[in-house]
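I have the notebook open and a fresh coffee beside it. Here is what I looked up, entry by entry, in case it helps at your bench.

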Amino acid sequence: MSVKFGIIGGGVMGEALLSRLVSQKIYQPTEIIVGEKSPERRNYLAHQYGVSVTDNNQIVTQVSVLLLAIKPQVFTTVAAELASPLAKSTPLVISILAGVSLSQLEKVFPQVPVIRAMPNTPATVGVGMTAISLGAQAGDRDKQIAQQLFTAVGEVVEVPETLMDAVTGLSGSGPAYVALLVEALSDGGVAAGLPRAIATQLALQTVRGTVQLLQETQMHPAELKDRVTSPGGTTIAGVAELERAGFRAGLIAAVKAAAVRSQELGTRD
Ligand SMILES: NC(=O)C1=CN([C@@H]2O[C@H](COP(=O)(O)OP(=O)(O)OC[C@H]3O[C@@H](n4cnc5c(N)ncnc54)[C@H](OP(=O)(O)O)[C@@H]3O)[C@@H](O)[C@H]2O)C=CC1
Ligand SMILES: O=C(O)[C@@H]1CCC=N1
């Protein structure tokens with residue numbers, strides 16, 4: 001890619017994308033400019049990745065693609081800073097803000113092509129999952145740029161914007177649910193007598209192996225569960241406890257609650 005790339009908000013997700021884009025040489029550090037409020041983060045990002053860090057309004061006129069990675073709660077403030085320079089130059093704006101809709105983006109950045117995206121933190125290691133929805137002004141070239149960008153950090157799917165809150169509840173927030181699962185499995189191993197390091201190794205590899213098995217064989221998850229549960233055996237004893245504790249209902253409710261929260265974040269202003 002030869003376009004200059006700007007990131008507004010160099011926090012967890014801004015850095016997750018930045019680190020992978022640099023390590024995979026999708027962009028040279030000299031092609032990336034970051035706008036970040038925290039002085040500590042500014043120094044850290046400049047030293048760690050060799051990128052330029054500057055004020056938000058200076059970035060806009062220098063880049064062809066602008067990634068918004070600030071929190072939804074500060075969107076209105078940051079949008080007010082960016083609106084005027086964005087009216088003079090029209091880079092593609094890609095927002096990863098939970099809840100903030102294409103119509104909100106298009107209202108504050110009229111005439112600018114915008115794309116709403118929802119990536120997730122495994123993007124850091126190249127196995128992210130990103131959904132994208134295109135705004136009215138975004139054309140094929142813009143879509144191609146977004147697809148190239150997020151393909152560099154994992155898989156990409158295009159969805160109608162009406163599904164974006166659900167995407168956020170599942171794959172956007174999902175790494176936290178899976179991290180809780182791994183931690184709890186490890187705790188269970190420790191409770192059953194395993195040393196912590198071995199318990200965590202077993203938990204991680206079991207989750208990883210199960211995911212790979214399901215992906216490679218395209219087996220339905222219920223079939224894999226049936227294959228593991230021997231009649232009168234250990235697994236059905238464990239599964240019965242999970243059902244008693246409401247494990248599946250809990251996960252379904254978690255995804256729905258996160259989707260509802262995404263909707264709420266988008267209706268703040
Ligand atoms: N974390 C995740 O897994 C995912 C997050 N997202 C979305 O990404 C966005 C960022 O989330 P996340 O990275 O977790 O949040 P962070 O708080 O880690 O990152 C946001 C960064 O923006 C900085 N910031 C605040 N105000 C400004 C400003 N005016 N100009 C420039 N930078 C500013 C913050 O500094 P300070 O801390 O000093 O305020 C912070 O470093 C959110 O909209 C979220 O919905 C999407 C997918 C996954
Ligand atoms: O928790 C959040 O609001 C963000 C959006 C998806 C993941 N993290």
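**Entry 1, the first annotated span.** I began with residues 4-99, where the chain is 44% helix and 20% strand. The end C-alpha atoms of this span are 27 Å apart. I picked these limits from UniProt, where an unreviewed entry annotates residues 4-99 as "domain: Pyrroline-5-carboxylate reductase catalytic N-terminal". A reminder to myself: I am working with a predicted model.

**Entry 2, the second annotated span.** The same kind of record, again an unreviewed UniProt entry, gives residues 161-265 as "domain: Pyrroline-5-carboxylate reductase dimerisation". I looked up the make-up of residues 161-265 and got 83% helix and 0% strand. For the end C-alpha atoms of that span I noted a separation of 15 Å.

**Entry 3, the sheet.** Next I followed the strands. I found an open sheet of 8 strands with mixed pairing, in the order S3-S2-S1-S4-S5-S6-S7-S8. Strand S3 (52-54) and strand S8 (154-158) are its edges, each pairing on one side only. On average, neighbouring strands of the sheet are turned by 25° against each other, direction ignored.

I then picked one pair to look at in detail. Strand S4 (residues 65-68) and strand S5 (residues 92-95) run parallel and are joined by 4 bridges. In this pair I see leucine 66 opposite valine 93 of S5.

What packs on the sheet? I found helix H7 (residues 164-172) there, touching strand S6 (114-118) and strand S7 (128-134). The direction of H7 makes about 35° with that of S6.

**Entry 4, ligand 1.** I counted 27 residues around ligand 1, and Gly9, Gly11, Met13, Ser38 and Ala98 come nearest. Which helix gives the largest share of this shell? Helix H1 (residues 12-23) does, with 3 residues. Sorted by type, the shell of ligand 1 has 13 nonpolar, 10 polar and 4 charged residues.

**Entry 5, ligand 2.** Around ligand 2 I listed Ala98, Thr168, Gly172 and Ser173. That makes 1 nonpolar and 3 polar residues, with no charged ones. I put a mark beside Ala98, since I had it among the nearest residues of ligand 1 and it turns up around ligand 2 as well.

**Entry 6, helix H11.** My last stop was helix H11 (residues 234-244). How many of its 11 residues are buried? The count is 0, so I wrote the helix down as hardly covered, with buried meaning 20 or more other C-beta atoms within 10 Å of a residue's own. Just after H11, I noticed that glycine 246 takes a positive phi of about 75°.

Note on methods. Residues are numbered from 1 along each chain as its sequence is written. Chains are lettered from A and ligands numbered from 1 in the order in which they are written. This is a predicted model: local features need pLDDT of at least 70, side-chain atom pairs count only at pLDDT 80 or more; totals for chains, interfaces and linings use all residues. A residue is buried if 20 or more other C-beta atoms lie within 10 Å of its own, exposed if 12 or fewer, and partly exposed in between; C-beta atoms are placed from the backbone. Helices (H or I, at least four residues) and strands (E, at least two) are DSSP runs, numbered from the N terminus. Two strands pair if DSSP finds at least two bridges between them. Axes are lines fitted to C-alpha atoms, for helices over the stretch in contact, and angles run from 0 to 180 degrees between N-to-C directions. Two residues are in contact if their C-beta atoms, placed from the backbone, lie within 7 Å. A residue is near a molecule or strand if its C-beta atom, placed from the backbone, lies within 6 Å of it. Ala, Val, Leu, Ile, Met, Phe, Trp, Tyr, Cys and Pro count as nonpolar, Asp, Glu, Lys and Arg as charged, and the others, Gly among them, as polar. UniProt positions are given in the numbering used here, feature names are shortened, and annotations may be inferred rather than shown by experiment.
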